[in-house]
Amino acid sequence: MRLLGVGVCLAVLAVAAPAVSAQADTGGPGDGSRDLRGTGWALKATGRDAVRFRGLAAVSRSAAWVAGSKGTVLRTSDGGRSWRDVSPPEAVAQGLELRDIEAFDERRAVALAIGEGEASRVLRTEDGGATWTESFRNTDPRAFYDCLTFFDARHGLALSDPVDGRFRLLATDDGGWSWQVLPAAGMPEAQAGEAGFAASGQCLVAAGPRDVLIATGGGAVSRVLRSGDRGRSWNATASPVPAGDPAKGVFALAFRDRTTGLAVGGDYRAGEASPLAAAVSSDGGRTWRASDVPPPAYRSGAAWYPHSRGAALAVGPTGTDVTSDGGRTWRALDAGSYDTVDCAPDGGCWAAGEKGRVGRLERR
């Protein structure tokens, strides 16, 4: 779906980031944190003020990748003190939009560039971004790829906005080296105007080895589509997050496990109200209920804090909110602008957004 004036069906970048040790780095909240009180984003200068980073992969407290406009990909292995430019040369030359990152390990990665027709591409690296190989280029002018997710290092999916009235999916079983369009027979019909939002790399998310979910907006109601067989068959359910307009809907999903999930969204237009901007599910996305105290404005990204049953973060252009009760109530954490957020297993949480902004969650 087009977002903020840019043709976007999510460019997801699944990039392998180095598994850097965080032994000496105690800046994160710590694995035992339950409510993230006393934390905030510490800005990490990237020197790329003209780039908007909507793609992010948190590898550890020390290592992270960001991807965004103008074909830009950066990587840090020292907690954000320095960044290495590992942008795919062709992506830079053609100004491709890179919107998400999934890190397999310190060298292997898959990237999805978004856009109409041939602007949607998949790139893969096995050497930490030193070189990239194109493994898919969209040749169907009706397709517009939004998001990418992986179940494991071999199996993954990429999501396109509807083609012939149904969302289209690509599948890989070799780590992104080759891709095939899945049959559409198991996909529910799309609503008029329904699409995915390429805002944070989180409109398509895996929840375990076989479960995967799609967040939608733009239609009469916002929906979450769920599959338990890696995208072969689907069920759709309505979400309480308001839709009914091309700028409204669910923008991001985050699942702690197969059953417990968060949905965030709203209206991305600046100054527009976004009531009921978050919802929760306790049955794998089959049903959703509105948060009792939602974030006060549109939120485009969400992430669970590792090893905590109730702590999570939601980010957007007007700030960051946190929950300690699994998404039922949210409170403000930070007023800075971020588009996406991701947390690593060691508790290292990162956020990225406009004007080259990248932050790491640290104790104040």
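In which sense do β22 and strand β23 pair, and over how many bridges? In this predicted model, the two strands pair in the antiparallel sense, and two bridges link β22 to β23, the latter spanning residues 289-290. One partnership can be followed by eye: Val 280 has Arg 289 in β23 as its bridge partner.

Strand β22 also has a neighbour in β21, which covers residues 261-267. Here the strands again run antiparallel, joined by four bridges, and Gly 261 is found opposite Ser 281 of β22. The strand β22 itself, residues 278-281, is covered on both faces. Ala 278 and Val 280 are buried on one side, while Ala 279 and Ser 281 are buried on the other.

Another set of strands forms an open sheet. Its four members follow the order β3-β4-β5-β6, with antiparallel pairing. The edges are formed by β3 (53-58) and β6, each of which pairs on one side only. Between β3 and β4, the latter made of residues 64-68, there are five bridges. Within this pair, Gly 55 faces Ala 67 of β4.

The loop between β5 (73-76) and β6 (84-85) holds Gly 80. Is this glycine buried or exposed? Gly 80 has a relative accessible area of 4%, so it counts as buried, the cut-off being under 20%. Leaving aside residues up to four places away in sequence, Gly 80 touches Lys 44, Ala 45, Ser 62 and Trp 350. Val 205, by contrast, is 125 residues from Gly 80 along the chain, and the C-alpha atoms of the two are separated by 26 Å.

A second loop residue worth visiting is Glu 194, located between β15 (180-181) and β16 (204-206). Its relative accessibility is 4%, and therefore Glu 194 is also classed as buried. Which side chains does the side chain of Glu 194 meet in polar contacts? One is that of Thr 216, at 2.7 Å, and another is that of Arg 223, at 2.9 Å. Both residues appear among those that Glu 194 touches beyond four places in sequence, a list that also includes Pro 162, Phe 167, Gly 217, Gly 218 and Gly 219.

Finally, a word on confidence. The protein has an average pLDDT of 90, and 90% of the residues score at least 70. Over residues 4-26, however, the pLDDT is below 50, although this stretch has 119 contacts in the model beyond near neighbours in sequence. Where pLDDT is low, the predicted coordinates should not be read in detail.

Definitions and conventions: Residues numbered from 1 in each chain as written. Predicted model: local features only at pLDDT ≥ 70, side-chain atom pairs only at ≥ 80, totals over all residues. Heavy atoms only, no water. pLDDT = per-residue confidence, 0-100. Contact = heavy atoms within 4.5 Å. Buried < 20%, exposed > 50% of the residue type's maximum accessible area, 1.4 Å probe, protein only. Pairing = 2+ DSSP bridges. Polar contact = N/O pair within 3.5 Å; in protein donor to acceptor, adjacent residues only side chain to side chain.
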